[in-house]
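This report concerns a model with two chains under discussion, and it proceeds from one chain to the contact between them and then to the other chain.

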Amino acid sequence: MTDAVDRKAVDRGAVEAFLYREARLLDDHRFEDWLALFADDGLYWIPAQPGQTDRFGAASIVHEDRTVLRMRVRRLSHPRAWSLTPQPRSSHLLGNIDVAPAAGGEIEAVASLQVAIYRDGDRTRYDGRQTVRLRPNGGDFEIALKRIDLIDCDGTLGVLPVPI
Amino acid sequence: MALATDNSSLPPAVGAAEIAALVEPTRVHRRAYTDRAVFDLEMERIFGRAWIFVAHASQIPHPNDLIRTRLGLHDVLVTRDPEGPVHVVLNRCTHRGTTLCSVERANAASLVCPYHAWTFGLDGTLRSVPHRKSMPASFDMADPGLNLFRAPRVADYRGFIFASLAEDGPAVEDFLGDMTDVLDNFIDRAPNGEVTQEGGAFRLEYRGNWKLHHENANDTMHPGFVHESSVNAAREDGRDYAEPAYDEHQAHVQMLSNGFSVREWQSLGLQGLANGHSYMDGFYTQGILSPDRDDPISRSYRDALEAAHGRKAAAGILAMDRFNNLVWPNLNINAQYQQIRVVQPVAPDRTVVQAMCFRLGGAPEGMFHRAVRFLTNLSSPASMIFADDAEIFEKVQAGLSDGRREWLDQSRGIDETVGNGRIASAGTSELPIRGQYRAWLDHMTAAP
């Protein structure tokens, strides 16, 4: 638990700016730069069950450390990645951002997330909550965890072609 | 993307001769994928008669457990009646038609309709209606027509539960044929002989015909083209074991394995069995998923299996490397990696694939974690592999909506060996597709 004093100690503006930059990199297809935001032990996680706590004993929509995420990013630029052709366009919208200090000197930013993805005549909406753990790193931040809890994470889904 | 479904080209009732004309030895007519009347007949003659996988016993382990799933287009409940066997009943009240159960799983002694509280037993029998005295004398609680519709045949093959909507037909063992080998192997891989469905499940929807998933499963010519991007991403990444990787580079191996040369694919054997079943031989040949892996988790697992069965029998169990075991028309099994996929038709141009993994009882926790990783890597909506398959299914379906070219070719590797009720061929043959259509024709042209 944190109190109001703790929250004031966090530079909320800097955290928000980082989150917006991260979302913008995805929307601008700058995936290599996006990957570089992750810490060496950073994790990108989209659970497949509401409130999922187990990353290893339950399947996830995405559960990738940098070694796997690096392959995902590499694939995004391949000319014959069929589910990425034509290239999807995305639009991220973050709201209701709550910023609080977390254990280990990290900062936790929780936000409502809406992502629209357009590809080949179809537009799909992804809605949910984004939880990002940020680690201060030389005047900036790096991502220790990016978790997205989709409201329909355990529903019937079509292909999710790009990182959101 | 075009999603046109051609409903007009055949009359509502499709005759056997018309159906038979859709399939030739080396080609199939596009209407098998696009025509609503053909699809409706598939639901009646195939999903309405054949043995359809509906659940694993571990999904309903306790008395009064039930899960909700689909049997063809039917919304059904698979129930463990404490008084009797497992039942498969239609999830629809016989009063006003209301959907009874809206959750995926539950434990309940009875099924109570949310509309007027008509109450049914787990075997579908009507037990009570409210304000009974307002019903006329003609209302007979014992009228079987007031019970929930129940699948006349349900069979449990060692925990794999199948249902058939036909009163009569072959026993499930006869339907499975030699596919029982892979179900046995699935279970034998558990040191204590018990497998349980755990780790969640995915339901992925694609806008294409249900048969496209099966035709792709044992088509070994497609990975080099469809999965080039993920193969390439894995190849370019090298195999940097110095880096921490919690999935032990399993994603890497799974993506890389689609990068066989045509010669390597050709060296895999393909087997086509009666009733449309098929499988391919060994697939993952190196790294963490290869049969002879020797990391600490695999060693500890092998030790447990040897303690249970003896060294020789354990080696025999682990040697079975049949991949993509298609139990036509709706189940695909990978025993080595504790995975199944269940294919559920929705419409001629719409299909849901349910993917699940299992825990091997008595095996180290790490083995289960690998099964979970396998499921995430291969069958998630965000899978770098399956996403490209699903995309291709949609491209095929979109193309087939145009009738200017009417036939799909399925002649590759037609020189197959027939014997012992099996058809065998080199790995690049389209024999699994031809075998599926033989079974399809048998069902579709059978007597009404």
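The following paragraphs describe chain A, the contact between the chains, and the domains and cores of chain B. The model is predicted.

**Chain A**

Chain A contains 4 helices and 7 strands. Read from the N terminus, its elements follow the order α-α-α-β-β-α-β-β-β-β-β. A compact globule of 164 residues would have a radius of gyration near 15 Å, and the 16 Å of chain A therefore agrees with that expectation. Along the principal axes, the C-alpha atoms of chain A occupy a box of roughly 50 × 30 × 30 Å. Of the 164 residues in chain A, 37% are buried. Among contacts in chain A with a separation of 6 or more, 59% are between residues 24 or more positions apart.

Strand β1(A), residues 38-47, has pairings with β6(A) and with β2(A), and a further pairing joins chain A to chain B; the table lists these three pairings.

| Strand | Partner | Sense | Bridges |
|---|---|---|---|
| β1(A), residues 38-47 | β6(A), residues 140-150 | parallel | 4 bridges |
| β1(A) | β2(A), residues 60-65 | antiparallel | 5 bridges |
| β7(A), residues 156-157 | β13(B) | parallel | 2 bridges |

Leu43(A) takes part in both pairings of β1(A): Leu145(A) in β6(A) stands opposite Leu43(A), and in β2(A) its bridge partner is Asp65(A).

**The contact between the chains**

How many residues does each chain bring to the contact? Chain B supplies 40 residues and chain A supplies 34 residues. On the side of chain B that touches chain A, the elements giving two or more residues are β13 (195-206), α8 (228-237), α9 (250-256), β19 (350-360), α13 and α14 (386-400) of chain B. Helix α8(B) has the largest share of that side, with 8 residues. By residue class, the side of chain B that touches chain A comprises 22 nonpolar, 9 polar and 9 charged residues. Strand β13(B) also pairs with β7(A) across the contact, where Thr156(A) has Arg203(B) as its bridge partner.

**Domains and cores of chain B**

The domain assignment divides chain B into domain 1 (52-164) and domain 2 (176-444). The C-alpha centres of the two domains are 33 Å apart. In the contact between them, 10 residues of domain 1 meet 12 residues of domain 2. Strand β3(B), residues 52-56, gives 3 residues, the largest share of the side of domain 1 that touches domain 2. That side of domain 1 consists of 4 nonpolar, 4 polar and 2 charged residues.

The largest nonpolar core has 144 residues, and Val54(B) and Val78(B) touch the most other members. Helix α13(B), residues 365-379, gives the most to this core, with 7 residues. Why does the core lie between domain 1 and domain 2 of chain B? Both domains give residues to this core, so it lies between them. Leaving aside residues up to four places away in sequence, Val78(B) touches Val54(B), Ala55(B), Ile60(B), Leu66(B), Ile67(B), Thr69(B), Val86(B), Val88(B) and Ile161(B). A second core, separate from the largest, has 14 residues, including Tyr33(B), Ala37(B), Phe39(B) and Met444(B). In soluble globular proteins, nonpolar side chains tend to be buried together.

Definitions and conventions. Residues numbered from 1 in each chain as written. Chains lettered and ligands numbered in written order. Predicted model: local features only at pLDDT ≥ 70, side-chain atom pairs only at ≥ 80, totals over all residues. Core = buried A, V, L, I, M, F, W, Y, C linked by C-beta atoms within 7 Å. Buried ≥ 20, exposed ≤ 12 C-beta atoms within 10 Å, placed from the backbone. Domains from an automatic or database assignment. Contact = placed C-beta atoms within 7 Å. Nonpolar A, V, L, I, M, F, W, Y, C, P; charged D, E, K, R; others polar. Pairing = 2+ DSSP bridges. Rg over C-alpha atoms; globule rule 2.2 N^0.38 Å.
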